[in-house]
Amino acid sequence: MGIFLKNESLGRIRLWGIYLWVLPASTCGAILALPLLVLGGNVAWFDGVWEVCAPRSIARLSHRFGAITFGHVVIARDAAQMAALREHERVHVRQYARWGILFFPLYLGSSCWQVLRGRRFYRDNHFEREAYGDDPAAR
Ligand SMILES: [Zn+2]
């Protein structure tokens, strides 16, 4: 019992450490989400992540945009996109947990590296390939 409580406490400390490590990126997400919420968007706490859906007036303007993750904040065009892309965006949440604020330059660097190799900026990005579940052997 004592060991169980210790492990539970360590797990909680580790979890809060991850939230702290990712906080700068989550703060960027919160800053970007704030105007959407002021304009009538929705926010929900789901499985340890703030999920923000844009208001309809904004969602109508951006059919190409699905969702984007900043730390523990995911911003989606609408609830349907949030549901459809939740698993993909959760991979990005885990990537932020691993890299913290370093995720920003690493993501950009990966995209630039792919372009220099004649590949696609977004879809060939290392982090996107992982989130799309591409075969690691094919990378
Ligand atoms: Zn992605």
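Start by selecting Gly66, which sits in the loop between α2 (56-59) and β3. Keep in mind as you click around that this is a predicted model. Is Gly66 buried, exposed or partly exposed? Colour its surroundings and count: 16 other C-beta atoms lie within 10 Å, so Gly66 is partly exposed. Setting aside neighbours within four places in sequence, show Ala76, Arg77, Gln81 and Leu85, because these are its contacts under a C-beta cut-off of 7 Å. Now draw a distance from Gly66 to Trp99: the two are 33 residues apart along the chain, and their C-alpha atoms are separated by 23 Å.

**Zoom out for a moment**

Switch to cartoon and show the whole protein. You should find five helices and four strands. Walking from the N terminus, the elements go α-β-β-α-β-β-α-α-α. The C-alpha trace spans about 55 × 40 × 25 Å along its principal axes. Of the 139 residues, 22% are buried. If you like contact maps, take the contacts between residues at least 6 apart in sequence: 42% of them join residues at least 24 apart.

**The sheet**

Next, select the four strands. They form an open sheet in the order β1-β2-β4-β3, and the pairing is mixed. At the edges are β1 (42-46) and β3, each pairing on one side only. Look along the sheet and you can follow its twist, which averages 20° from one strand to the next.

Take the strand pairs one by one:

- β1 and β2 run antiparallel, joined by five bridges. Select Asn42 to see one end of a bridge; its partner in β2 is Cys53.
- β2 and β4 run parallel, with four bridges between them. Stay on Cys53 here, since its bridge partner in β4 is Ala76.
- β3 and β4 are antiparallel again, over four bridges. For an example, pick Thr69, whose partner in β4 is Val74.

Two turns are worth a click. The hairpin of β1 and β2 has two residues between the strands, and Asp47 there takes a positive phi near 55°. The hairpin of β3 and β4 also has two residues between its strands, and in this one Gly71 has a positive phi near 65°.

Before leaving the sheet, go back to β1. How many of its five residues are buried? The number is zero, so β1 lies largely in the open.

**Into the core**

Now select Val52, Val73, Val74, Ile75 and Ala76 and show them as spheres. These are the residues with the most contacts inside the largest nonpolar core, which has 16 residues. At least two core residues come from each of α1 (2-38), β2 (49-53), β3 (67-70), β4 (73-76) and α3 (79-99). Which element gives the largest share? That is β4, with four residues.

Centre on Val52 to see how this part fits together. Not counting residues up to four places away in sequence, Val52 touches Ala33, Leu36, Leu37, Gly41, Val43, Val73, Val74 and Ile75.

**Along α3**

Show α3 as a cartoon over the strands. This helix lies across β2, β3 and β4, and runs at about 35° to β3. Scroll along to Arg86, where α3 bends by about 60°. Then colour Met82, Glu89, His92, Val93 and Tyr96: these are the buried residues of α3. Just past the end of the helix, select Gly100, which takes a positive phi of about 60°.

**Last stop: Phe121**

Finish in the loop between α4 (103-116) and α5 (126-131), where you will find Phe121. Buried, exposed or partly exposed? With 13 other C-beta atoms within 10 Å, Phe121 is partly exposed; the cut-off for exposed is 12 or fewer. Show Ser111, Gln114 and Val115 as sticks, as these are the residues in contact with Phe121 once neighbours within four places in sequence are left aside. For one more distance, link Phe121 to Gly109: they are twelve residues apart in sequence, and 10.0 Å apart in space from C-alpha to C-alpha.

Note on methods
Residues are numbered from 1 along each chain as its sequence is written. This is a predicted model: local features need pLDDT of at least 70, side-chain atom pairs count only at pLDDT 80 or more; totals for chains, interfaces and linings use all residues. A nonpolar core is a set of buried Ala, Val, Leu, Ile, Met, Phe, Trp, Tyr and Cys residues joined through C-beta atoms within 7 Å. A residue is buried if 20 or more other C-beta atoms lie within 10 Å of its own, exposed if 12 or fewer, and partly exposed in between; C-beta atoms are placed from the backbone. Two residues are in contact if their C-beta atoms, placed from the backbone, lie within 7 Å. Two strands pair if DSSP finds at least two bridges between them. Axes are lines fitted to C-alpha atoms, for helices over the stretch in contact, and angles run from 0 to 180 degrees between N-to-C directions. The bend at a residue is the angle between axes fitted to the seven residues ending there and the seven starting there.
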